[in-house]
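I opened the model today to see how the fold is put together. I kept my notes in the order in which I looked things up.

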Amino acid sequence: MTELKSHVFFPTHRLLGLGNQGNAIHSRAAILSWKNIRLPGGGEARYLGVALMQMHEARTTVMVTHLSLSRSKRMLQIERIARAVMET
């Protein structure tokens with residue numbers, strides 16, 4: 001129903017066979033590739049969604065996540081995200 005024709009869904013877990021819970025990116029720009037990286041921390045699974053996008057003449061990487069509520073787990077997750085940024 002929008003003009004955002006490109007999209008990718010990054011599942012985090014399945015809900016009783018009824019559907020998936022996760023994060024998504026919707027964009028007018030083309031999504032060229034994507035990956036879903038599991039973040040550390042235990043408990044409810046957290047993931048970092050990474051998408052390579054073509055925006056006009058430039059390519060850019062977009063990331064999306066939902067961090068843990070626990071401060072100590074968030075710190076581990078942020079360290080992993082920082083590594084992912086450096087690898088990009």
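**Leucine 32.** I set the cut-offs first: buried means under 20% relative accessible area, exposed means over 50%, and partly exposed is what falls in between. The model is predicted, so I keep that in mind throughout. I looked up leucine 32, and found it in strand β3. Its relative accessibility is 39%, so leucine 32 counts as partly exposed. I then asked what leucine 32 is in contact with, leaving aside neighbours within four places in sequence. The list is Leu52, Met53, Gln54 and Arg59. I checked one of these pairs by C-alpha distance. Leucine 32 and methionine 53 are 21 residues apart in sequence, yet 5.5 Å apart in space.

**Overall layout.** I stepped back to the whole chain. I count one helix and five strands. Along the sequence they follow the pattern β-β-β-β-β-α. The C-alpha trace spans about 40 × 35 × 15 Å along its principal axes. Of the 88 residues, 28% count as buried. I also looked at contacts between residues at least 6 apart in sequence. Of these, 34% join residues at least 24 apart.

**Strand pairing.** I traced β4 to its partners. Strand β3 (residues 30–38) runs antiparallel to β4, and eight bridges join them. Within that pairing I noted arginine 38 opposite tyrosine 47 in β4. β4 is also joined to β5 by eight bridges, again antiparallel. Here valine 50 stands opposite methionine 63 in β5.

**The turn at histidine 56.** I next went to the loop between β4 and β5 (58–65), where histidine 56 sits. What is the sign of phi at histidine 56? Phi is positive, near 60°, and the residue is not a glycine. The hairpin of β4 and β5 has two residues between the strands. Is histidine 56 buried or exposed? I read 76% relative accessibility; histidine 56 is exposed because exposed starts over 50%.

**Nonpolar cores.** I listed the largest nonpolar core. It has eight residues: Val8, Phe10, Ile25, Ala29, Ile31, Ala51, Met53 and Val64. I asked which strands supply at least two residues each, and got β1 (6–15) and β4 (47–55). Apart from this core lies another, of six residues, among them Ile37, Leu39, Leu48 and Val50. So Met53, the contact of leucine 32, belongs to the largest core, by the rule that a core is a set of buried nonpolar residues joined through side-chain atoms within 4.5 Å. I also looked at valine 8 in the largest core. Not counting residues up to four places away, valine 8 touches Asn23, Ala24, Ile25, Ile31 and Trp34.

**The helix.** I moved on to α1. It has 17 residues and reaches 24 Å from first C-alpha to last, close to the 24 Å expected at 1.5 Å a residue. I asked which of its residues are buried, and among them are Gln77, Arg80, Ile81 and Ala84. Why do they count as lying on the same side of α1? They cover an arc of only 105° around the axis, which puts them there. I recalled the general rule: an α-helix has 3.6 residues a turn, so residues three or four places apart point the same way. The buried residues of α1 pack against β3, β4 and β5. The face turned away from the buried side carries the exposed residues Arg71, Ser72 and Met86.

**Serine 68.** I looked up serine 68, in the loop between β5 and α1 (71–87). Is serine 68 buried or exposed? Its relative accessible area is 10%, so serine 68 is buried. Its side chain reaches the backbone nitrogen of serine 70 at 3.2 Å. Not counting residues up to four places away in sequence, serine 68 touches Arg46, Lys73, Arg74 and Gln77. Gln77 is also one of the buried residues of α1.

**Glycine 42.** My last stop was the loop between β3 and β4, where glycine 42 lies. Glycine 42 has a relative accessible area of 47% and is partly exposed. I checked its C-alpha distance to serine 68. The two are 26 residues apart along the chain and separated by 9.4 Å.

Technical notes
Residues are numbered from 1 along each chain as its sequence is written. This is a predicted model: local features need pLDDT of at least 70, side-chain atom pairs count only at pLDDT 80 or more; totals for chains, interfaces and linings use all residues. Side-chain values use heavy atoms; hydrogens and water are left out. Buried means under 20% relative accessible area, exposed over 50%, partly exposed in between (1.4 Å probe, protein chains only). Helices (H or I, at least four residues) and strands (E, at least two) are DSSP runs, numbered from the N terminus. Contact means heavy atoms within 4.5 Å. Two strands pair if DSSP finds at least two bridges between them. A polar contact is a pair of N or O atoms within 3.5 Å; within protein, one must be able to donate a hydrogen and the other to accept it, and residues adjacent in sequence count only if both atoms are side-chain atoms. The expected span of a helix is 1.5 Å times one less than its number of residues. The arc is that of the directions from the helix axis to the C-beta atoms.
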